[in-house]
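Q: Please take me through this structure one feature at a time, with the general idea before each case.

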Amino acid sequence: MLIRDVLTKDPEVIRPDASIREAARKMKQLDVGMLPVCDGERLIGAVTDRDLAIRALAEGLDANRTFVHQVMSRVPFYCFEDDDVELAAIIMEEKQVRRLPVLNRQKRLVGIVSLGDLALRADDEILVEEVLECVSAAPHATVTTR
C-alpha cells in the first residue's frame, strides 16, 4: 500500500511570517498538534505544539511579536506520496513522531500521514501497533531532516 492511499490530503499550512499566536489559534481551531510551514507551495519547516511550548512560551517570547520561522523546526523529514506505507512507518518510528508531511516528486506538499491515518486505513495492524509502541516509548523528537 502506498502513502497516497492513506494520507490526509490538502493539509492546512501556515506561513513562516505568521505570528506564533496565529499558529496556536490555528492548531486549536483544527485540533492538530503540527502545522507544515510553507513558503508558497514549498515546505520549509514544521511547527508543533511542542515547538510553541519549548521554544517560545518557556523562553517568555511575545506570542504577537514572535514569528513561526523563529521557532519552527527547519527542513523537516518527510515521505513521498508514492512511497510504501512501511517507509513512512519506519520514519515515524525512528524520529518518534505521530505526523509526517507527504510530498510529491516535485517536492510540493500534498498531505500529511498520521498514526491515525495508518490505524484507520492501512491493512497491516501489526505495523500500526509497532509504530504506535515506538512513538509512544519516548518523548517526541524534534523535527529533523530525512
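**Reading the sheets, pocket and turns**

A: The model is predicted. In one open sheet, three strands stand in the order β2-β3-β4, with antiparallel pairing. The edge strands there are β2 and β4 (73-74), each of which pairs on one side only.

Q: How many bridges join β2 to β3?
A: Strands of a sheet pair through backbone hydrogen bonds, in either a parallel or an antiparallel way. Here β2 and β3 (residues 42-48) run antiparallel and are joined by six bridges. To find one of them, start at Val37: its bridge partner in β3 is Gly45.

Q: Which strands does helix α1 touch, and which does α2 lie across?
A: Helix α1 (residues 20-30) packs on this sheet and touches β2 and β3. The direction of α1 makes about 130 degrees with that of β2. Helix α2 (residues 49-57) lies across β3 and β4, and runs at about 70 degrees to β3.

Q: What is the strand order in the sheet of four strands?
A: The order is β1-β7-β6-β5; this sheet is open and its pairing is mixed. At its edges stand β1 (8-9) and β5 (79-80), and each has a single partner strand, so one side of each is left without a neighbour in the sheet.

Q: In which sense do β5 and β6 pair, parallel or antiparallel?
A: β5 and β6 pair in the parallel sense, over two bridges. On this pair of strands, Cys79 has Val102 in β6 as its bridge partner. Helix α4 packs on the sheet, where it touches β5, β6 and β7. The direction of α4 makes about 135 degrees with that of β6.

Q: Which residues of α4 are buried?
A: In α4 (residues 85-95), the buried residues are Val85, Ala88, Ala89, Ile91, Met92 and Glu93. Met92 also appears among the contacts of Ser114, a residue of strand β7.

Q: Why does Ser114 count as buried?
A: A residue is called buried when its relative accessible area is under 20%. Ser114 has a relative accessible area of 17%, so it is buried. Leaving aside residues up to four places away in sequence, Ser114 touches Met92, Arg98 and Arg99.

Q: How should I read a pocket, and what lines the second largest pocket here?
A: Rolling a probe the size of a water molecule over the atoms shows where empty space is left. About 180 Å³ of space lies in the second largest pocket. Its lining is made up of Thr8, Pro11, Glu12, Leu30, Val32, Met34, Leu35, Pro36, Arg99, Ile112, Ser114 and Asp117. The elements that give two or more residues to this lining are β2 (34-39) and β7 (109-114). The largest share, three residues, comes from β2. By class, the lining has seven nonpolar, two polar and three charged residues.

Q: Where is Gln96, and what is the sign of its phi?
A: Most residues other than glycine have a negative phi. Gln96 is not a glycine, yet its phi is positive, about 55 degrees. Gln96 follows α4 and lies in the loop between α4 and β6 (99-103).

Q: What about Lys107: is it buried, partly exposed or exposed?
A: Lys107 is partly exposed, because its relative accessible area is 43%. Lys107 lies in the loop between β6 and β7. Its phi is positive too, about 65 degrees, although Lys107 is not a glycine.

How values were computed: Residues numbered from 1 in each chain as written. Predicted model: local features only at pLDDT ≥ 70, side-chain atom pairs only at ≥ 80, totals over all residues. Heavy atoms only, no water. Buried < 20%, exposed > 50% of the residue type's maximum accessible area, 1.4 Å probe, protein only. 1 Å grid on protein atoms, 1.4 Å probe; cavity = no way out; pocket = protein on both sides within 12 Å on 5 of 7 lines; lining within 4 Å. Points joined across faces, edges and corners; volume = space filled by probe spheres on them. Nonpolar A, V, L, I, M, F, W, Y, C, P; charged D, E, K, R; others polar. Contact = heavy atoms within 4.5 Å. Pairing = 2+ DSSP bridges. Axes fitted to C-alpha atoms, helices over the stretch in contact; angles between N-to-C directions.
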